[in-house]
Structure formats: structure tokens, C-alpha cells
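I opened this notebook to record what I looked up in the structure. The entries follow the order in which I consulted it.

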Amino acid sequence: DRWVLRTALKEAATWPAPDGRPVSVAVNLAGLVPGDPEFVDIVSNAIMESGVPWERVVLELVETAFVDLPSRVRQSMDELVQRGVRFAVDDFGTGYSSLARLKDLPAQIIKVDRRFVSGVGNDSSDFAVARAVVDMARAMGRKCVAEGVETATQFHVLRGVGVDAYQG
């Protein structure tokens, strides 16, 4: 994960800014988690070495990585957020956290899992779940990203319910 983080950030440092707006780089972390005592130092060093502005960095973690975080870990994450880093809950809706925990997750972005995105154009259940996640994210002041958008229909339906960004 350290190598992936460093490599992704170094690559992102070379990306042009279309329309003058900088592009964020989202890095999915699996083994490198906020509970690691060196987490803040590892992330901070990787960002500083790359030269990428802090506000362009999004760290993605599965929702179970956010559950039951000790206050020490939350403080570490808050330190990174204060510098500009954003956290994203990856694959939301497929893990173990309840909707009650969603409001407590220290993340600025909620990602709708591709399992719900795939059928939004023809499955009323998938559409309902996607719309509910978007509405919840928006009500809590968070951005919503749809994963696995592969068709124009999916894009248009998701844009219609207010998804902020698309991955796929």
C-alpha cells in the first residue's frame, strides 16, 4: 500500500489541470489503515514527496475500516483532513456498518458500490438504493461517487439523482 500510495501520488503530480481545475487522485488503501500508528506520517511523507497539493488527495477505505475507530485514530484522520485530504467510504452498502453509523464515519465522500449502480436503469431496487445513498450523503454534507458506471443510461440516471462524480 505504501508503494501504491507513493506511485499514485507521483503520477498524479504530472497530470494536467483541465479547464484550470486540478484533478483529484483517489488511492484505495487496503493494508494501510488509519489504525496504524505510522498512518499520518506515511501519508504525509508520500504527499510531501510527490508535491501534490493536499486537497487533491482522496484516500479510499472500505466501510469496515471506518467502524469503531478509537479517538486517537479519528484525531489522526482529522489532522489529515485539516490539511486538505479527503476520505472516501469505498463500496458503501456492502459491508457491515449500519445506516446509524454512516453519520459518524469520518469521511467526506460516500461511494455507491457497483452492485447497485449496474441495474439503476432497469432495476427499481438498485435505483432505490442508489437514490437513497445519494440523498443520505447530500443530507450529511458529503459528496457521492458512483462506482462502475459503464453505460450512458447509468450515467444519466445517476446524474438525475444527484451523484457528484462517476467512476468506471
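Which backbone oxygen lies 2.7 Å from a polar atom of the side chain of Ser-44? I found that this oxygen belongs to Val-40. I counted a polar contact as a pair of N or O atoms within 3.5 Å; within protein, one must be able to donate a hydrogen and the other to accept it, and residues adjacent in sequence count only if both atoms are side-chain atoms.

I note that this is a predicted model, in which local features need pLDDT of at least 70 and side-chain atom pairs count only at pLDDT 80 or more, while totals for chains, interfaces and linings use all residues. Residues are numbered from 1 along each chain as its sequence is written, and side-chain values use heavy atoms, with hydrogens and water left out.

**Entry: Ser-44**

I located Ser-44 in helix H2 (residues 39–50); helices (H or I, at least four residues) and strands (E, at least two) are DSSP runs, numbered from the N terminus. Ser-44 counts as buried because its relative accessibility is 4%; buried means under 20% relative accessible area, exposed over 50%, and partly exposed in between (1.4 Å probe, protein chains only). Leaving aside neighbours within four places in sequence, I listed Trp-54, Leu-80 and Arg-83 as its contacts, a contact being heavy atoms within 4.5 Å. Ser-44 and Trp-54 are 10 residues apart in sequence, and their C-alpha atoms are 8.8 Å apart in space.

**Entry: the sheet**

I traced an open sheet of six strands, paired in parallel, in the order S1-S2-S3-S4-S5-S6; two strands pair if DSSP finds at least two bridges between them. Strands S1 (25–28) and S6 (165–167) stand at the edges with a single partner strand each, so one side of each has no neighbour in the sheet.

At one edge, S1 runs parallel to strand S2 (residues 57–62) and is joined to it by four bridges. Asn-28 has Glu-60 of S2 as its bridge partner. The side chains of S1 alternate: Val-25 and Val-27 point to one face and are buried, whereas Ala-26 and Asn-28 point to the other and are not. At the other edge, strand S5 (residues 143–147) pairs with S6 in the parallel sense over three bridges, and Ala-146 has Tyr-166 of S6 as its bridge partner.

I then looked up Asp-90, in strand S3. Asp-90 counts as buried at 4% relative accessibility. Not counting residues up to four places away in sequence, Asp-90 touches several residues, among them Asn-28, Glu-60, Lys-111 and Glu-147.

**Entry: helix H7**

Which residues of H7 are buried? I recorded Asp-126, Ala-130, Val-133, Val-134 and Ala-137. They lie on the same side of H7, because they cover an arc of only 95 degrees around the axis, taken from the directions from the helix axis to the C-beta atoms. Ser-124 and Ala-139 are exposed on the other side of H7. The buried residues pack against strand S3 (86–92), strand S4 (109–112), helix H6 (114–117), S5 and helix H8 (152–161).

At the start of H7, a side-chain oxygen of Asp-123 reaches to within 2.7 Å of the backbone nitrogen of Ser-125. Gly-141, which follows H7, has a positive phi, near 75 degrees.

**Entry: Val-120**

I found Val-120 in the loop between H6 and H7. Val-120 is buried, with a relative accessible area of 5%. Beyond its neighbours within four places in sequence, its contacts include Asp-126 and Ala-130.
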